[in-house]
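I opened this notebook to record what I looked up in the structure, entry by entry. The entries move from the whole chain to single residues.

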Amino acid sequence: MIEIGFYVASAVALFATTMVITNTNPVHALLYLVLSLLAIAVVFFTIGAPFAGVLEVIIYAGAIMVLFVFVVMMLNLGRRTEEQERQWLKGSFWIGPIVLAAILLGELAVLLWPREALTAAAHTIIGPKAVGIALFGPYLLAVELASMLLLGGLVAAYHLGRHEDV
């Protein structure tokens, strides 16, 4: 059962990530990115890393997405985009994200339902100390590069969205 959950969450993550890359609308791309991050969190739960799954939801699907939404709001282009957003909020645009989110919710409910037969991977628990040692040990450079990349993206978005009164 856990293997099926892993494959379903992986398929949802791959599809949602493909939609993020190919979508030209930034708001729709952000919605699919949230679904992709949640699917990755479900993958972490299925392989027996609940702490990593919770970190994925809190840090990426929570804090980083708030930053991305802030940048999109900061780049608002005026009345023309408001009218376009009204057209986008019609029901047909929400079908894809709703279906993927429902699949993930159903899968999470099945995986978290208490059962007798769990695999050995589900009994392995990765604690916060192991995550901290990995992040600030061999992966320190990658963590710092990712933080600098996010900071650079925020500064670039600020400069692109700034309106100069001449």
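**Entry 1. Helix H2, buried positions.** I worked from a predicted model. I began with H2 and asked which of its residues are buried. I found His28, Ala29, Leu30, Tyr32, Leu35, Ser36, Leu37, Ala39, Ala41, Val42, Val43 and Thr46 in that group. I kept a general point beside this list: an α-helix has 3.6 residues a turn, so residues three or four places apart point the same way.

**Entry 2. The chain as a whole.** I then stepped back to the overall fold. The chain holds eight helices and zero strands, and along the sequence I read the pattern α-α-α-α-α-α-α-α. Of the 166 residues, 23% count as buried. I also looked up how far along the sequence the contacts reach. Among contacts with a separation of 6 or more, 76% are between residues 24 or more positions apart.

**Entry 3. Length and end of H2.** I checked the span of H2 against expectation. Its 21 residues, at 1.5 Å a residue, should span 30 Å, and the end C-alpha atoms are 30 Å apart, so the two agree. Just after H2, I noted that Gly48 takes a positive phi of about 90 degrees.

**Entry 4. The largest nonpolar core.** Which residues make up the largest nonpolar core? I listed twelve: Ala9, Val12, Ala13, Ala16, Tyr32, Leu35, Ala39, Val42, Val43, Leu100, Leu104 and Leu111. Helix H1 (2–22), helix H2 (26–46) and helix H5 (95–112) each supply at least two of the core residues. H2 gives the most, with five residues.

**Entry 5. Two members of the core.** I followed Leu35 first. Beyond residues up to four places away in sequence, Leu35 touches Ala16, Pro97, Leu100, Ala101 and Leu104. I turned next to Val12, which lies in helix H1. Val12 has a relative accessible area of 5% and is therefore buried, the cut-off being under 20%. With residues up to four places away again set aside, Val12 touches Ala39, Leu100, Ile103 and Leu104. Val12 and Leu100 are 88 residues apart along the chain, yet their C-alpha atoms are separated by 6.6 Å.

**Entry 6. Ser36 and Met19.** Is Ser36 buried or exposed? Ser36, found in helix H2, has 7% relative accessibility and so counts as buried. Leaving aside neighbours within four places in sequence, I found Ser36 in contact with Ala13, Ala16 and Thr17. Met19 has its place in helix H1. Met19 counts as partly exposed because its relative accessibility is 23%. The C-alpha atoms of Met19 and Tyr32 are separated by 6.4 Å, with these positions 13 residues apart along the chain taken as their spacing.

**Entry 7. H2 against H3.** How do H2 and helix H3 (residues 50–74) pack, and at what angle? I recorded an angle of about 170 degrees, with the axes 8 Å apart. The angle is over 145 degrees, which means that H2 is roughly antiparallel to H3. From H2, the residues that meet H3 include Pro26, Leu30, Leu37, Phe44 and Phe45. On the H3 side, among the residues met are Pro50, Val54, Tyr60, Met65, Phe68 and Val72. I closed by sorting the residues of this contact: 21 are nonpolar, one is polar and one is charged.

Definitions and conventions
Residues numbered from 1 in each chain as written. Predicted model: local features only at pLDDT ≥ 70, side-chain atom pairs only at ≥ 80, totals over all residues. Heavy atoms only, no water. Core = buried A, V, L, I, M, F, W, Y, C linked by side-chain atoms within 4.5 Å. Buried < 20%, exposed > 50% of the residue type's maximum accessible area, 1.4 Å probe, protein only. Helix = DSSP H or I, 4+ residues; strand = E, 2+ residues; numbered from the N terminus. Contact = heavy atoms within 4.5 Å. Axes fitted to C-alpha atoms, helices over the stretch in contact; angles between N-to-C directions. Parallel < 35°, antiparallel > 145°, perpendicular 65-115°, else oblique. Nonpolar A, V, L, I, M, F, W, Y, C, P; charged D, E, K, R; others polar. Expected span 1.5 Å × (residues − 1).
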